[in-house]
Amino acid sequence: MTAVVLRRGAELLLALLAVSVLVFLLTSLAPGDPAEEILRRGGVQPTAAGVAALRAELGLDQPLFTRYLRWLGGVAGGDLGRSYADRSPVAAEVFSRVPATLRLAGASALVAVGLAVLASVRLALRPRAPLSRAIALVTAALTGVPPYIVGILLISVVAVGLRALPTGGDTGPGAVVLPALTLGLAGAATLLRLLRADLADALRQPFVRLAAAKGLRARRTVLVHAVRVAAPNAVTAAGVVLAELLAGAVVVETLFAWPGLGQLAVTAIRQRDVPVVQAYVLVTGAAIVLLLACVELCLAACDPRVRRR
Amino acid sequence: MRGRARQALLAAVVLFCLVTPLVTGHDPHAPDLGRAMLPPGGGHWLGTDQLGRDLLTRTAAAGRTSLLVALAVTAATTALGAVTGAAAGLAGGVADRLLGFAATVALALPGLTLALALAGVLRPGYGTVLAALVPLGWVSCGLVARTATRQAAASDHVLAVRAIGASRLYLLRRTIGPELAGPLLTVATADFARALVAVTSLSFLGAGLPPPDTDWGGMVSEATPLLVAAPRLAVVPALALAVTGLAVALVADARRAAQTAQAAQAGGSR
């Protein structure tokens, strides 16, 4: 167990470092000089002397590696830099957006896990029933149709056509329904694909087949025996899908004007506000890496097969 | 739905995108403010948008762009994945380790988030979309190519050719290469579905193609503020993308099912 924790911890640290390096390099990839950019946005015509002074102030005249270390030190202390647009600290803005995104991701996860678990059991019990075929077709289709398209169609029918729910914004308890449904459906499709394969594998296990051969009813075979075998893989799959939901939230937040992290990032992209984009990638990336690591540790704690690997 | 019907649906979409601009005779990009927001009817079958551009023509033109960019992304990821995967499967060594590392990183990193950040920071353009989607996109294809190469390399007829003294390059070109075509086509179809989603998502988020060029995601994004006043402006491109995505995903699904069945049959006959 300790070995697993240590190895995963090292891998986690490496992945976090990789994210931080990529995020840091974003500033160097951006065309133009950040100092010039800041001056121009402040309404100042950039002069050579002014740019040089600001470059020195921001530490941009230092070598790349020194800048990375300084930046990383700042990040570790909760300093995510200042916005190009209004020179305000990015960290405060980013963390004020986190609760809305978490609320959306949580509600979507409920939709995704609920739908996928129900559908996968149904598919395992009656693989050839018309409903099962329909579920399989919809699942295949949802991999090709982006979530915002599903969202647009939902908005135009439910919000514009029926006027049953708001078209967007965080305006009350009902407002989360459509965004969560949009994002949750996409997650459900991915999760169902993974669960279906796991459950099919579990149904092929000798002791599960023995249970069926003894005359155990199909419902009991699937729900009691097969589901238990598939459960650890299902937890991993749920972790992967949850990570996907966190990353995919940006699209749904933009469509539904949901005041989360993703909306902040898209506004920043339209304004080419690099520090805010950086902070978004860093926070989302770190959250995803941590989430996946947590899932794996939970599994190692309760599944003896993982520990021995 | 049968395999033929799925392919026919995809062919119909492609045909629609290519032929419609010729039939309607409108310029998809030229604004005509005097004819803005016309309802469907008259010379404009589906009406015009807020800048007076014909909705039907624009949807078709945007479709052509969406499909072409997605195709370019898929071509790049497939080529990169095939070369790395085949090298990793055949030679091992550096290529194998590179692929393993890339797979670990790609799995741990949020793909859309990184693509969005790259596309958002660089100047908008076709090159940027490729640069945002190819670096993480080729990994799935690489893994498939590696597995298929290893399997092919282990089979008896490849061993026989090897025993004669064929070089690795000859093996790859004449005996292993042809066996990679099937699995690569399968993964490429699935990757195309994913690329279409990714490309249009970037445009929807404002990090895609520069104006006046647009794809379906860009059209939906432009029309979202007018969703209550003129839902057709968003719904038409959304439906076009939904039908296309559906067709591609279904073709990919059928392709994968056929591949799995073929593999099971080959495994059984041995």
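**Notebook: chains A and B**

I began with contact range in chain B: among its contacts with a separation of 6 or more, 69% join residues 24 or more positions apart. The model is a predicted one, and I read every entry below with that in mind.

**Entry: chain B overall.** I counted 10 helices and zero strands in chain B. Its pattern along the sequence is α-α-α-α-α-α-α-α-α-α. I took the extent of the C-alpha trace along the principal axes of chain B and got about 75 × 40 × 25 Å. Of the 270 residues in chain B, 50% are buried.

**Entry: chain A overall.** I did the corresponding lookup for chain A and found 13 helices and zero strands. The C-alpha atoms of chain A occupy a box of roughly 85 × 55 × 30 Å along the principal axes. Chain A has 309 residues, and 40% of them count as buried. For contacts in chain A with a separation of 6 or more, I noted that 71% are between residues 24 or more positions apart.

**Entry: the A/B contact.** I listed the residues on each side: 40 residues come from chain A and 38 residues from chain B. On the chain A side, the helices that each supply at least two residues are H1 (2-29), H6 (130-144), H7 (147-161), H10 (218-255), H11 (261-270) and H12 (274-302). H12(A) gives the largest share of that side, with eight residues. I sorted the chain A residues that touch chain B by type and got 31 nonpolar, eight polar and one charged.

**Entry: H11(A).** I asked myself how many of the 10 residues of H11(A) are buried. Eight are, and H11(A) is mostly covered. The buried ones are A:Leu261, A:Gly262, A:Gln263, A:Leu264, A:Ala265, A:Val266, A:Ala268 and A:Ile269. I then checked what these buried residues pack against: helices H5 (90-125), H10 and H12 of chain A, together with helix H4 (111-121) of chain B. After H11(A) comes A:Arg272, with a positive phi near 55 degrees.

**Entry: A:Ala257.** I also looked on the other side of H11(A), in the loop between H10 and H11 of chain A, where A:Ala257 lies. Its phi is near 50 degrees, which is positive although the residue is not glycine. I noted A:Ala257 as partly exposed because it has 17 C-beta neighbours inside 10 Å, whereas a buried residue needs 20 or more.

**Entry: the largest nonpolar core.** I found 166 residues in the largest nonpolar core. The residues with the most contacts inside it are A:Leu191, A:Ala265, A:Val277, B:Ala115, B:Val199 and B:Leu202. H10(A) contributes the largest share, 17 residues. I picked B:Leu202 and listed its contacts, leaving aside neighbours within four places in sequence. They are B:Ala115, B:Leu116, B:Ala119, B:Val129, B:Ala132, B:Ala207, B:Gly208 and B:Gly217. One of them, B:Ala115, is also among the core residues with the most contacts.

**Entry: H6(B).** I checked the length of helix H6 (residues 139-153) of chain B against 1.5 Å a residue. The expected span of its 15 residues is 21 Å and the end C-alpha atoms are 21 Å apart, so the two agree. I then listed the buried residues of H6(B): B:Val139, B:Cys141, B:Gly142, B:Leu143, B:Val144, B:Ala145, B:Arg146, B:Ala148, B:Thr149 and B:Ala152. B:Arg146 is on that list, and I marked it for another look.

How values were computed: Residues numbered from 1 in each chain as written. Chains lettered and ligands numbered in written order. Predicted model: local features only at pLDDT ≥ 70, side-chain atom pairs only at ≥ 80, totals over all residues. Helix = DSSP H or I, 4+ residues; strand = E, 2+ residues; numbered from the N terminus. Expected span 1.5 Å × (residues − 1). Buried ≥ 20, exposed ≤ 12 C-beta atoms within 10 Å, placed from the backbone. Contact = placed C-beta atoms within 7 Å. Nonpolar A, V, L, I, M, F, W, Y, C, P; charged D, E, K, R; others polar. Core = buried A, V, L, I, M, F, W, Y, C linked by C-beta atoms within 7 Å.
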